[in-house]
Each structure stands twice: as structure tokens, then as C-alpha cells.
Amino acid sequence: MTENIQRPIVYVVSDSVGETAELVVKAAASQFNSTNIEIRRVPYVEDEQTINEVVALAKDNHAIIGYTLVIPRIKEHLEKKAGSEGVPAIDIVGPMINQMADIFKKLPRNEPGLVHKLDEEYFRKVEAIEFAVKYDDGRDPRGILKSDIVLVGVSRTSKTPLSQYLALKRLKVANVPIVPEVEPPEELFQVSKSKCYGLRISPEKLNDIRRERLKALGLDDQANYANMDRIKAELEYFDKVVDKLGCKVVDVSNKAVEETANYILNIHKNRI
């Protein structure tokens with residue numbers, strides 16, 4: 001006859017998602033060569049009644065409670081209730097927070113879910129970077145209508161690096177090249193003009209940049225791409241397009257990418 005052994009239970013209680021506490025419990029359980037421990041997560045705990053119910057369940061099941069509670073009122077209630085009922089309750093992050101407060105001479109924020117918020121910020125940044133790559137250089141005009149910001153300019157006005165820089169600020173950016181022989185996509189005239197920024201550059205500066213680009217590629221720096229008449233024709237067409245759009249125009253002739261990005265960011269933030 002096989003003896004019926006009850007599966008050990010650990011209640012993971014958190015005023016956020018509870019992922020941190022669960023990972024710690026699993027790490028601790030691994031030291032006992034046991035995968036038989038049952039973890040029951042109780043997330044987003046914000047009231048004393050839920051605490052009372054969890055403590056009662058833990059007592060009935062001879063279980064342990066591991067918790068990551070940063071709201072003082074809820075944390076104190078759990079400690080008091082578990083203590084009176086004889087239920088083992090382990091504070092997983094509290095001791096570390098207390099030590100940091102003592103050493104750093106700062107008070108903790110006592111705000112649930114900050115780690116999760118940081119994760120969300122990271123994924124928003126990754127999403128924005130992927131967006132900038134997908135909708136770079138007019139590759140897919142459908143991205144224009146999904147963008148937070150649309151950059152418009154002739155070739156070699158730093159549209160791509162500027163898009164990537166703004167993506168690091170979690171903004172979805174599409175950029176559209178302006179070429180006299182190619183009609184701008186219709187989506188460009190459908191998006192709000194407040195999202196569009198034309199990147200203007202002086203003919204002389206653009207000539208220098210393009211000639212250096214051709215040299216770097218091992219090509220003739222006198223090619224039509226760097227021809228001054230060609231450049232002036234492109235810039236005249238650019239002016240016609242941005243006038244039709246009615247968008248803000250930024251002169252990038254003598255600006256670093258960071259400087260242009262910060263200029264656009266300041267305008268964007270004030271419009272939100």
C-alpha cells in the first residue's frame with residue numbers, strides 16, 4: 001500500500017504580477033531536487049480580505065506563503081495575520097529594500113509593479129526600433145499612417161539615423177525619401193501634418209556629403225548624384241512637397257543627429 005503524501009504548496013502573494021516571488025520560490029525549490037512543489041500565485045493583492053483568505057487557505061493546506069508586497073498597509077496585515085494563525089510567511093524583497101534604504105539613505109517608493117513597468121518600457125523601445133527598420137526609406141508607405149513621427153527629405157539628410165535615434169525614445173518613426181521622378185505616397189498627405197517633419201539642407205552641404213559618400217563607395221564623385229544642378233532640382237521639389245504638406249521644416253545643414261532629434265522631441269512632447 002502506497003502512502004499518500006500531500007504535495008507541498010507555496011502561495012505566492014504580490015501586489016503586482018508576482019513573477020519575482022515565483023522565480024525565487026522555484027529557485028529555492030530546486031535546491032531540494034524537487035519539482036513536486038505546487039506554486040499558487042495570487043497577484044494584484046490590494047485588500048485585507050484577500051490576505052485573510054490566502055492565510056486561511058495556507059493554514060488548511062499546511063502551506064508556506066512567499067510574498068512581495070510593497071504597500072505598507074497590506075504587508076503589515078499579512079505579517080500580523082500569518083503570525084496569529086501560525087502560517088510561515090517569507091518576505092522575499094523586503095529585507096533587500098530595507099538594506100538599500102539604510103545604505104543609500106533614501107526612502108523606497110513603495111509602488112507595486114515597477115519592474116513590470118521597466119519591462120514594458122524596454123519592449124516599447126524594441127517595438128519602435130523594429131518599426132523604424134520596417135518603414136525605413138519609404139519601404140512600405142502603410143507605416144506612415146501608423147507612425148508617431150514621419151520624416152521627409154531628399155537622400156543623405158540623415159533620415160535613417162534620425163529615425164533610429166527617435167526610436168530609442170520609444171517613438172514609431174517612418175521616413176520618406178523625396179525624389180523628383182517619384183510621386184510621394186498618398187499616405188503622406190493623409191497623415192496629420194503635426195506628425196510630419198521636413199529635413200531641409202543647403203545645396204553646398206548636401207553636395208559635400210554626397211561626394212564623400214560616392215568616394216567611400218569607390219565611385220566617381222562627379223556623378224549625377226552629387227551634381228549641383230541635380231541637387232538644386234531635388235531641393236526645389238522637396239520645398240514644393242513640404243509646402244503642400246504644410247509640415248514643420250527643420251534645417252539639418254549644420255545640426256548633429258542628436259540635436260535635430262531633441263528639437264523634434266521637444267515639439268512632439270508639447271503637442272501631446
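Which backbone oxygen lies 2.7 Å from a polar atom of the side chain of Ser-147? Keep that in mind as you open the viewer; we'll get to it at the third stop. One thing before we start: this is a predicted model.

**Stop 1: the open sheet**

Select β1 (residues 9-14), β2 (38-42) and β4 (89-91), and β3 (64-68). Together these four strands make an open sheet, ordered β2-β1-β3-β4, with parallel pairing. Look at the edges: β2 and β4 each have a single partner strand, so one side of each has no neighbour in the sheet. On average, neighbouring strands here are turned by 20° against each other, direction ignored.

Now zoom in on β1 and β2. They pair in the parallel sense, over five bridges. To find one spot along that pairing, pick Val-12 and look across to β2, where its bridge partner is Arg-41.

Next, switch on the helices. Helix α2 (residues 48-60) lies across β1, β2 and β3, and runs at about 170° to β1. Helix α3 (residues 72-85) also packs on the sheet, where it touches β3 and β4. The direction of α3 makes about 165° with that of β3.

**Stop 2: α2 against α3**

Keep those two helices and hide the strands. The axes of α2 and α3 come within 10 Å and cross at roughly 30°. Angles under 35 degrees count as roughly parallel, so that is the label for α2 and α3. Their crossing is right-handed.

Show side chains to see who makes the contact. From α2, select Glu-48, Ile-51, Asn-52, Val-55 and Lys-59. From α3, select Arg-73, Ile-74, His-77, Leu-78, Lys-81, Ala-82 and Glu-85.

**Stop 3: Ser-147 and the strands beyond it**

Time to settle the opening question. Go to Ser-147, in the loop between α5 (114-134) and β5. The backbone oxygen is that of Gly-143, 2.7 Å from a polar atom of the Ser-147 side chain.

Is Ser-147 buried or exposed? Its relative accessibility is 1%, so it counts as buried. Setting aside residues up to four places away in sequence, Ser-147 touches Phe-131, Lys-172, Val-173, Ala-174 and Lys-195.

From there, pick out β6 (residues 173-177). Four of its five residues are buried, so β6 is largely enclosed by the rest of the structure. β6 pairs with β5 in the parallel sense, over five bridges. For a marker along this pairing, select Val-152 and then Val-176, its bridge partner in β6.

**Stop 4: two positive phi values**

Move on to the loop between β5 (149-153) and α6 (159-167), where you'll find Arg-156. Most residues other than glycine have a negative phi. Arg-156 is not a glycine, yet it has a positive phi of about 75°. Its relative accessible area is 36%, so Arg-156 is partly exposed.

Then click on Ser-158, which is also placed in the loop between β5 and α6. Phi of Ser-158 is positive too, near 65°. With a relative accessible area of 34%, Ser-158 is partly exposed.

**Stop 5: α7 across α8**

Select helix α7 (residues 203-216) and helix α8 (residues 228-245); their axes come within 10 Å and cross at roughly 120°. That makes α7 and α8 oblique to each other. The crossing is right-handed.

For the contact itself, show Pro-203, Glu-204, Leu-206, Asn-207 and Arg-210 on α7. On α8, show Met-228, Ile-231, Lys-232, Glu-234 and Leu-235.

**Stop 6: Ser-253**

Finish in the loop between β8 (248-251) and α9 (257-271), where Ser-253 lies. At 6% relative accessibility, Ser-253 counts as buried.

What does the side chain of Ser-253 reach at 2.8 Å? Turn on distances and you'll find the backbone nitrogen of Ser-202. The side chain of Ser-253 also makes a polar contact of 2.6 Å with the side chain of Asp-251.

To round out the view, leave aside neighbours within four places in sequence and show what Ser-253 is in contact with: Arg-200, Ile-201, Ser-202 and Lys-205.

How values were computed:
Residues are numbered from 1 along each chain as its sequence is written. This is a predicted model: local features need pLDDT of at least 70, side-chain atom pairs count only at pLDDT 80 or more; totals for chains, interfaces and linings use all residues. Side-chain values use heavy atoms; hydrogens and water are left out. Two strands pair if DSSP finds at least two bridges between them. Axes are lines fitted to C-alpha atoms, for helices over the stretch in contact, and angles run from 0 to 180 degrees between N-to-C directions. Contact means heavy atoms within 4.5 Å. Buried means under 20% relative accessible area, exposed over 50%, partly exposed in between (1.4 Å probe, protein chains only). A polar contact is a pair of N or O atoms within 3.5 Å; within protein, one must be able to donate a hydrogen and the other to accept it, and residues adjacent in sequence count only if both atoms are side-chain atoms. Angles under 35 degrees count as roughly parallel, over 145 as roughly antiparallel, 65 to 115 as roughly perpendicular and the rest as oblique. A crossing is left-handed if the near helix is turned anticlockwise from the far one by less than a right angle, and right-handed if clockwise.
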